[in-house]
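Colleague: I should like to learn how the features of a two-chain model are read. Please take me through them in order.

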Amino acid sequence: MEHLSSVLKSYPPASGSSTSIKQQDEQTRVYLSALAKLTSSSKKLILEQPEAVLKLIDPAKNSIGYLFVLNTLVNATELRIGRSSLLDAIIVILLSFDPIQVRYVGNLLLHLLEAVGTAKLFPPRVAVEVLAAAMLRLDPNGSMFTSTHLLLANYAYETDCVEPALKVLERDITTYPIVTQKEQRLYCDPELPLTSTISVQTGLTAPVKAATVLEYDFVRGLIYMSRREWTKARKALERVIAYPTKDKGVSKIMVDAHKKWLLVGLLSDGEVPSFPGYTSAAAKSAYNATASSYRDVAALFGTTNAVEFVGGIRSNASIWLEDGNKSLIQEVQVAYQKWQILNLRRIYREVSMHKIQEFTSSGETGEPLANPQQVVSLVQRMIENKTLKGEITVGPEGENFLTFQDEQEWSSEKDFAREIAQAHHNIDMLSQEYKASNERLSGHRDYVRHVIREQKRVDKDDSDAGGFDAQIEDEDLMNDIVHHG
Amino acid sequence: MGASSDLLAFFSRMKSQGAIIVEDLPKFDVESYIGNYQGRTRFDRLMLIGESSVPLCVDALKAAVVEAKNGRDVGRYRAAWEYIRVAAPNEPEAKRDDAWIESTETANKAETTRLEVELKGYRNNLIKESIRMGNEDIGTHLEEIGQLKEAAEAYGRMRHDVSSTKHILDCAQHLVSVALQRRDWVSVISNVNKISGLQVADSEKNLQPYVKAVLGIGQLGMGKYHEAAASFLQINSNGSLASFQGLATPNDIAIYGGLLALATMDRNDLQTKVLDSSTFRTFLEHEPHVRKAISLFINGRYSNCLSILDALQTDCLLDLYMQKHVETIFNRIRRKCIIQYFIPFSCVTLQSLDEAFGRGGNSIEDELASMIRDGALSARIDSKSKLLVAVSADPRAQMQAKALEVARKYEQEAKERLRRINVIASGLEVVRGKKQMDEHWFEGERASSIAG
């Protein structure tokens, strides 16, 4: 026990802040090899007195040791530790690990995260919360995609416990793990970019494939749909349908996402969404071929022709069912009349309920509503859930009127200034990320090869031209070589 | 009684075929109207009046039968007879003249064969001019007997053997004539452009009215109203009007040009290009109503302008080239009037609009709604206070909204592009083909490229 204790507690060395990065790295590696060399009797000791061993280590200061012990426990066939103590220990380490230390034992951490996300150790709410917190601890900006992202999204969606996952899901992902990342710098270098720390090499993410990324955004779309946040859902799905492709490739997930995207676009904006400019041509033609009935219905959504709209939906019922979009179609039907009413704001400042009843029809039956009372209650609901900015007033002859109000999002100059400042800040942050990416990619072998090739071409052009300048250059070059030689 | 029920049956059939039915009595009678035209257009115009105008139906159809029998086109006779058989079975013209049909058909066939044999002879002799004339003869003959497609082909063959600009001109004029009868506007315009591109020194002046009139009719047919108006307005009244007597009268030109200009041009252009135009004025003198309508519009008296136009509408609806476009053109003029009326106000009561533009006691509100929906009118209706309110743009708010939108869009786009760069840098693009297989292949390639 004493030997074990002394090994485990030998890290981090209490030498204060003066140690260089190189020394830190060396110490960590020494410690790792010491752990690896622990005799089987020591390991047995861990299994026999788990609680006591765990108590020896402070997870925040010595995450490596703690993870090592925990991993030994989780992998053991037979547990001598109370379930609650083990779960407590997992939560403690996931909420307090040192983000730099875990780079050395990434596979252990990933293993633990996967266990939380799949093994039903915790109630879903706790599991999702802990997973999300641990992920943000690794990458506070949440801009790097990992295999854990899909795990989290799937788990949150399946257990219908989305709320705590949102803090990760709402981040904009801009970076992806690079399979062939070669990093010369040391793991404990705090300057290390994300692509070097969260990589397959450090073990903090499993290898990622195109399908993983697509599925993640697809599931995000589903999650927002279940929360009825249509605009966010549309944006998530937009990422899937406009995903970069090569050699005219189109994935089935993209095709499925496109169908949902059309419908969600109707719900969020009241009109057929248009493809982002960077959608690949091959994908577009695949979408047009696979979603014609969706397109037809979407085109009818913006018209006042309710009968045809409903007819189009009814005649394709089997398609919606087959694609699993039946409930989404129902949402679209319900939204049809709401958008008709909303569009009236472009024509009227005040409009009578009678006119609304006359001009708009239900997307479910294709008929106008039976009486003005139903219209009033529909409008009332829309005002209450903030889809419509306006109020119901009573006219001189006792008739109800809907008065539309301004759509402006901010009320004062101050608000506007704040919005602009926020936008400015966001763009500033982005430009930093751009710089980082640029730096990283400038060192990419493909790019370097390209630069060399370009340079050779330029050189060749010069020598072909055979101008006077080129000759001088040649002579100078010779002189230089002679001189140094 | 019997006659009117026959007419009813006839017009319900016409309606189901998509014809436009005009019930009002136009300001002309068939006899004098058709006297203004020459050539094959006479029959087309008579038939159009026959199938559209209720009061003139029988007169027009009877005249059409006579017109058809004066020519050699059996198909036309049959069509006219079909109509009159339903519309007025008791008229003497409703009895089918089988003897005439038979004799004309035989004669036509013989003539076709004769001309073909003749042409064959010319071909064997390889005399270009004779071949060209042979083709022209065949074309003229086929046009007369109503085989327009074949006629166009024959005329088209003339082009191989042309030897002077006059020949090109003849060829194109024939083709234009056939295309006009076939309502093939694209071909009308392309052929007439061939004429206007020619360098003919003397006859240039004489041809200008013809070229512009045909061009205008072609553009009108294609719904390019603005271009059509410009073409009509350019017609040189000094040139020979006889050259398009088979096409349209000066009155027609005045109506076409005037109405289209009213529908598409602004007040300034109407004054300078229409009323003050020395060439177009000659035409407008034939139709003082149109002239008056335009000057009323310029002077802002919109309701008077519209009431004059209403009176003109019936005649226009019975015009060969205008009929299909009357509704659109008149609607445009009406909308323009409403918009112009509203411009100086920030707020107008619906009542005053009704007084100015109301039709038969119907409120204008729905029409305004559809105008706003189409984006023609920038205003909002306040149906509680019965007002039409102009949308007052707050430039500051607009600027702010725009600024924010641009910033957001930029941010989003930049993020997305960064994301895509990194997706590609990580080799995560979707690739074509069977997924599993390709991924292995793809990874294999990457591995080898790393090794290499």
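Modeller: The following turns treat the interface, its charged pairs, one buried residue and a surface patch. This is a predicted model, in which local features need pLDDT of at least 70 and side-chain atom pairs count only at pLDDT 80 or more, while totals for chains, interfaces and linings use all residues. Residues are numbered from 1 along each chain as its sequence is written, chains are lettered from A and ligands numbered from 1 in the order in which they are written, and side-chain values use heavy atoms, with hydrogens and water left out.

Colleague: How many residues of chain A are in contact with chain B, and what area do the two chains bury between them?

Modeller: The size of an interface is often given as the accessible area lost when the parts come together. Here the two chains bury about 5200 Å², of which 57% is on carbon and sulfur atoms; buried area is the accessible area (1.4 Å probe) lost on being put together, summed over both parts. A:Pro244, A:Tyr278 and A:Ile347 supply 13% of the area that chain A buries against chain B, more than any other three residues. In terms of contact (heavy atoms within 4.5 Å), 65 residues of chain A meet 49 residues of chain B.

Colleague: How many salt bridges does the rule find across the interface of chain A and chain B?

Modeller: Side chains of opposite charge can pair when their charged atoms come close. The rule requires a side-chain nitrogen of Lys or Arg within 4 Å of a carboxyl oxygen of Asp or Glu. It finds 6 salt bridges across the interface of chain A and chain B, and 45 over all chains. One pair is A:Glu350 with B:Lys384, at 3.3 Å from N to O. This pair runs from strand β2 of chain A to the loop between β2 (379–382) and β3 (387–390) of chain B; strands (E, at least two residues) and helices (H or I, at least four) are DSSP runs, numbered from the N terminus.

Colleague: Are A:Glu350 and B:Lys384 buried or exposed?

Modeller: Buried means under 20% relative accessible area, exposed over 50%, and partly exposed in between (1.4 Å probe, protein chains only). A:Glu350 is buried because its relative accessible area is 8%, whereas B:Lys384, at 24%, counts as partly exposed. Salt bridges with shared partners also join A:Asp172, A:Asp217, A:Arg220, A:Arg239, B:Glu411, B:Lys415, B:Glu416 and B:Arg419 into one network. Within this network, A:Asp172 meets B:Lys415 at 2.8 Å, N to O.

Colleague: Which residues does A:Thr174 touch?

Modeller: Leaving aside residues up to four places away in sequence, A:Thr174 touches A:Ser143, A:Glu433, B:Lys415, B:Leu418, B:Arg419 and B:Asn422. A:Thr174 lies in the loop between α10 (166–169) and α11 (194–197) of chain A, and it counts as buried because its relative accessibility is 2%.

Colleague: Which salt bridge links distant parts of the chain?

Modeller: A:Arg228 and A:Glu331 meet at 2.5 Å, N to O. A:Arg228 is in the loop between α12 and α13 of chain A and A:Glu331 in helix α19 (residues 326–343), 103 residues apart.

Colleague: Which residues form a nonpolar patch on the surface?

Modeller: Patches are made of residues with over 30% relative accessible area and no salt bridge, like charges being joined within 9 Å and nonpolar side chains (Val, Leu, Ile, Met, Phe, Trp, Tyr) within 5 Å. A:Tyr447, A:Val448, A:Val451 and A:Ile452 form such a nonpolar patch, with about 300 Å² of accessible area together; accessible areas come from the Shrake-Rupley method with a 1.4 Å probe, and for residues only the protein chains shown count as cover. A:Ile452 lies in helix α23 (residues 445–465) of chain A and, at 41% relative accessibility, counts as partly exposed.
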